[in-house]
Amino acid sequence: MPQETYTPAQAAKQAAIPLSTLRLWTGIYSEFLSDTATPGVGVNRRLTPQDIEVLKAVAQLRHNGLEPAQIIERLRSTPLEALQPPATPATTPATGVTVH
């Protein structure tokens, strides 16, 4: 069964980054992305769920002030799961109740 993939617009939305940033980052961080995220000329770009997780990690590292070279080093040396921020409980706005 083929793996689910996303268009660049869908992936950018899921990663909470602008589409232009996704296009830039797929070039910079291509070694950490699937082949379909960085296709050749004339081939439609498709991103996997794993690609989206990489882009989310990159966004978090950029938010933390790391430069691209530092992010590449971190991606090379740290498992992706360890780069993800811990899940925070959601609070229901109407009630203020924390949902776990």
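This section walks through the helix faces, the aromatic pair and the salt bridges of a predicted model.

A good place to begin is helix H1, which spans residues 8-15. Its buried residues are Pro8, Ala11, Ala12 and Ala15. Viewed along the axis of H1, these buried residues fall within an arc of 100°, so they line one face of the helix. The cover over that face includes H2 and H3. Just past the end of H1, Ala16 adopts a positive phi of about 60°.

Helix H2, residues 19-28, can be read in a similar way. Thr21, Leu22, Trp25 and Thr26 are buried in this helix. Because they cover an arc of only 135° around the axis, they sit on the same side of H2. Ser20 and Leu24, by contrast, are exposed on the other side of H2. The buried residues of H2 are covered by parts that include H1 and H3. H3 thus appears in the cover of H1 and also in that of H2, while H1 and H2 each contribute to covering the other's buried residues.

Trp25, already met on the buried side of H2, also takes part in an aromatic contact. A search of the whole structure turns up 1 aromatic pair. The partners are Trp25 and Tyr29, arranged edge-to-face. Their centres are 6.3 Å apart, with 80° between the planes; the pair counts as edge-to-face because an angle over 60 degrees falls in that class. Both partners are buried: Trp25 has a relative accessibility of 9%, and Tyr29 has one of 1%. Each value is under 20%, so each residue meets the cut-off for buried.

Turning to charged side chains, the structure holds 3 salt bridges. One of them joins Arg76 to Glu31, with the closest N and O atoms 2.9 Å apart. Arg76 belongs to helix H4 (residues 68-77), whereas Glu31 lies in the loop between helix H2 and helix H3, so this salt bridge ties together parts that are 45 residues apart in sequence. The two partners fall into separate accessibility classes: Arg76 is exposed at 53% relative accessibility, and Glu31 is partly exposed at 48%. The dividing value here is 50%, which is why Arg76 is placed in the exposed class and Glu31 in the partly exposed one.

Another salt bridge is found within helix H3, residues 49-63. Here the side chains of Glu53 and Lys56 meet, at an N to O distance of 3.5 Å. Both residues lie in H3 and are 3 residues apart, about one turn of the helix. Glu53 is partly exposed, with a relative accessibility of 27%, and Lys56 is likewise partly exposed, at 29%.

The remaining salt bridge brings together the side chains of Arg62 and Glu67, at 3.9 Å from N to O. This distance is within 4 Å, so the pair meets the cut-off for a salt bridge. Arg62 has a relative accessible area of 34% and is therefore partly exposed. Glu67, at 47% relative accessibility, is partly exposed as well.

Notes: Residues are numbered from 1 along each chain as its sequence is written. This is a predicted model: local features need pLDDT of at least 70, side-chain atom pairs count only at pLDDT 80 or more; totals for chains, interfaces and linings use all residues. Side-chain values use heavy atoms; hydrogens and water are left out. Helices (H or I, at least four residues) and strands (E, at least two) are DSSP runs, numbered from the N terminus. Buried means under 20% relative accessible area, exposed over 50%, partly exposed in between (1.4 Å probe, protein chains only). The arc is that of the directions from the helix axis to the C-beta atoms. Contact means heavy atoms within 4.5 Å. Rings of Phe, Tyr and Trp (its six-membered ring) pair if their centres lie within 6.5 Å; planes under 30 degrees apart count as stacked, over 60 as edge-to-face and the rest as tilted.
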